[in-house]
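User: Please take a close look at the site around the ligand and at the elements that build it. I would like one connected account, with the reasoning spelled out wherever burial comes into it.

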Amino acid sequence: MNITKKNKNDKKRLNGACRKSRNRQTITGKLLNGQANKIPKIKPEKTRKIIRRFHFLINKRRIICTRLQIPNISEDNAENLNKSRIDEFIRTNSNLDVNYTESDKPVIEKKLLKLQTSDTGNNTKKDLLRCLKYLMDEIYVNGGLQNYQRASIMGQDSNRGGDSSKILVKWLIERGMINNKKKLNNALEIGCLQRNNHINKIVDKVERIDLNSNDEKHIKKQDFMKRPIPKDNNRREQFDLISCSLVLNFVPNPIDRGEMIKRFAKFINKQSEYKLLFIVLPLPCIYNSRYITNKDFMQMMSVLNYRLLNQHNSSKLVYYLFQLNDSDISKNDPTVTNSNASDTKHSGKKNNFRIIVKV
Ligand SMILES: C[S@@+](CC[C@H](N)C(=O)[O-])C[C@H]1O[C@@H](n2cnc3c(N)ncnc32)[C@H](O)[C@@H]1O
């Protein structure tokens with residue numbers, strides 16, 4: 001893609017602004033700055049381990065809750081579970097003595113490992129409840145959730161590639177969509193852990209939400225799947241840009257991932273000149289899955305009326321910028337870049353990531 005001279009100048013100015021602000025704040029922003037002394041640094045290897053463990057736990061939690069048929073919690077919404085509802089369920093079944101001791105832990109871990117969606121298993125209700133209590137304790141009592149959030153914030157550290165919206169800013173500058181005089185009006189950031197990231201530099205008003213907000217003053221605690229749909233296409237509740245970085249992979253159910261993608265369009269302002277959707281996923285979700293390839297994902301997005309503007313594969317992540325089509329939109333070629341990653345599948349163990357869109 002050609003970058004005009006004007007765009008190059010805008011890019012220089014914006015980059016200059018970023019450099020100046022870096023003196024006052026880190027790439028990950030004030031929150032980290034303010035808490036720099038409080039947040040212990042975690043090594044990358046440990047970070048990945050914490051994140052993997054957390055995903056493991058919420059996946060097992062979904063399976064157990066479905067199997068136990070906890071009232072009002074079904075396969076469809078199990079990952080958005082209301083903690084108090086589960087606690088209540090465990091309490092009402094306390095006659096089964098679900099407590100565990102240190103020596104029970106290895107057995108519980110083994111049971112958790114064996115629990116699969118398809119496997120009906122021979123676990124008793126007591127076994128399942130005990131596993132559930134064990135993992136709820138790990139998530140909420142023993143700091144699992146906090147560590148997960150900390151690890152995710154660490155992943156955005158400038159030393160580890162920085163926050164993913166950096167690349168979004170670069171693309172929008174290159175495309176001439178923003179410059180030092182022109183910003184996007186608004187954006188919805190789903191799954192936001194830190195309010196100070198690169199999106200702020202290019203958008204006038206950013207609304208940030210997260211299932212488990214760690215800063216409720218600035219990041220609303222909200223499940224995007226339950227966010228009220230704007231009535232009659234109310235533009236005040238719609239956005240020029242939706243950013244969804246490393247969130248889809250967090251949703252453990254393929255049908256809900258599809259529902260999440262379908263929902264995005266309802267929040268994109270159709271009158272806007274932008275109509276942008278920024279998605280980031282771990283590279284293996286798309287390039288090392290048994291069920292989905294990049295081509296499949298592109299087809300899915302195309303059926304949902306998006307066109308790809310940019311894609312970049314880093315060694316760990318895949319970044320996409322889509323635009324919701326106008327009906328008369330003319331197709332132009334997307335810019336696809338690779339660094340340290342090829343379009344072919346990776347070697348190593350395949351994963352089960354997939355997205356099911358029911359149209
Ligand atoms: C790995 S973190 C991603 C953080 C950040 N966006 C990044 O790119 O590093 C995933 C976040 O998505 C949030 N999340 C998952 N499902 C969500 C939903 N349905 N609504 C709002 N937030 C959600 C989780 O609470 C979690 O904080």
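Analyst: In what follows, Ala, Val, Leu, Ile, Met, Phe, Trp, Tyr, Cys and Pro count as nonpolar, Asp, Glu, Lys and Arg as charged, and the others, Gly among them, as polar. The model is a predicted one, and by these classes the shell around its ligand is made up of 12 nonpolar, 7 polar and 2 charged residues. There are 21 residues around the ligand, and those that come nearest are Gly191, Leu211, Phe224, Ser245 and Leu246. Two elements, α7 (144–155) and β2 (203–210), each give two or more residues to this shell.

Gly191 is also one of the two positions, with Asp210, that UniProt lists under "binding site" in an unreviewed entry. The two are spread over 20 residues of sequence, yet they cluster in space, the largest C-alpha distance being 4.4 Å. Gly191 belongs to the loop between β1 (184–190) and β2, whereas Asp210 is part of strand β2 itself. A residue counts as buried when 20 or more other C-beta atoms lie within 10 Å of its own; Gly191 has 21 such neighbours and is therefore buried, and Asp210, with 22, is buried as well.

The contacts of these two residues, leaving aside partners up to four places away in sequence, show what surrounds them. Gly191 touches Asp210, Cys244, Ser245, Leu246, Val247 and Phe250, and of these Ser245 and Leu246 are themselves among the residues that come nearest to the ligand. Asp210 in turn touches Gly191, Cys192, Leu193, Ile219 and Lys221.

The strand that precedes the loop of Gly191 deserves attention of its own. In β1, 6 of the 7 residues are buried, so this strand is largely enclosed by the rest of the structure. β1 runs parallel to β2, to which 6 bridges join it, and in this pairing Leu184 stands opposite Val203 of β2. β1 also pairs with β4, again in the parallel sense, over 4 bridges, with Glu189 opposite Ser243 of β4. As a general matter, side chains in a regular strand alternate between the two faces of the sheet.

Leu246 adds a backbone feature to the site. It lies in the loop between β4 (241–245) and α9 (254–264), and its phi is positive, at about 60°, although it is not a glycine. Most residues other than glycine have a negative phi. With 19 C-beta neighbours inside 10 Å, Leu246 falls short of the 20 needed for a buried residue and so counts as partly exposed.

A positive phi also occurs at Asn305, another residue other than glycine, where the value is near 75°. Asn305 is found in the loop between α11 (294–303) and β6 (306–313), and it is partly exposed because 14 other C-beta atoms lie within 10 Å, a number between the limits of 12 or fewer for exposed and 20 or more for buried.

For the wider setting, the protein contains 11 helices and 8 strands, and 32% of its 359 residues count as buried. Among its contacts between residues at least 6 apart in sequence, 70% join residues at least 24 apart.

Key
Residues are numbered from 1 along each chain as its sequence is written. This is a predicted model: local features need pLDDT of at least 70, side-chain atom pairs count only at pLDDT 80 or more; totals for chains, interfaces and linings use all residues. A residue is near a molecule or strand if its C-beta atom, placed from the backbone, lies within 6 Å of it. UniProt positions are given in the numbering used here, feature names are shortened, and annotations may be inferred rather than shown by experiment. Two residues are in contact if their C-beta atoms, placed from the backbone, lie within 7 Å. Two strands pair if DSSP finds at least two bridges between them.
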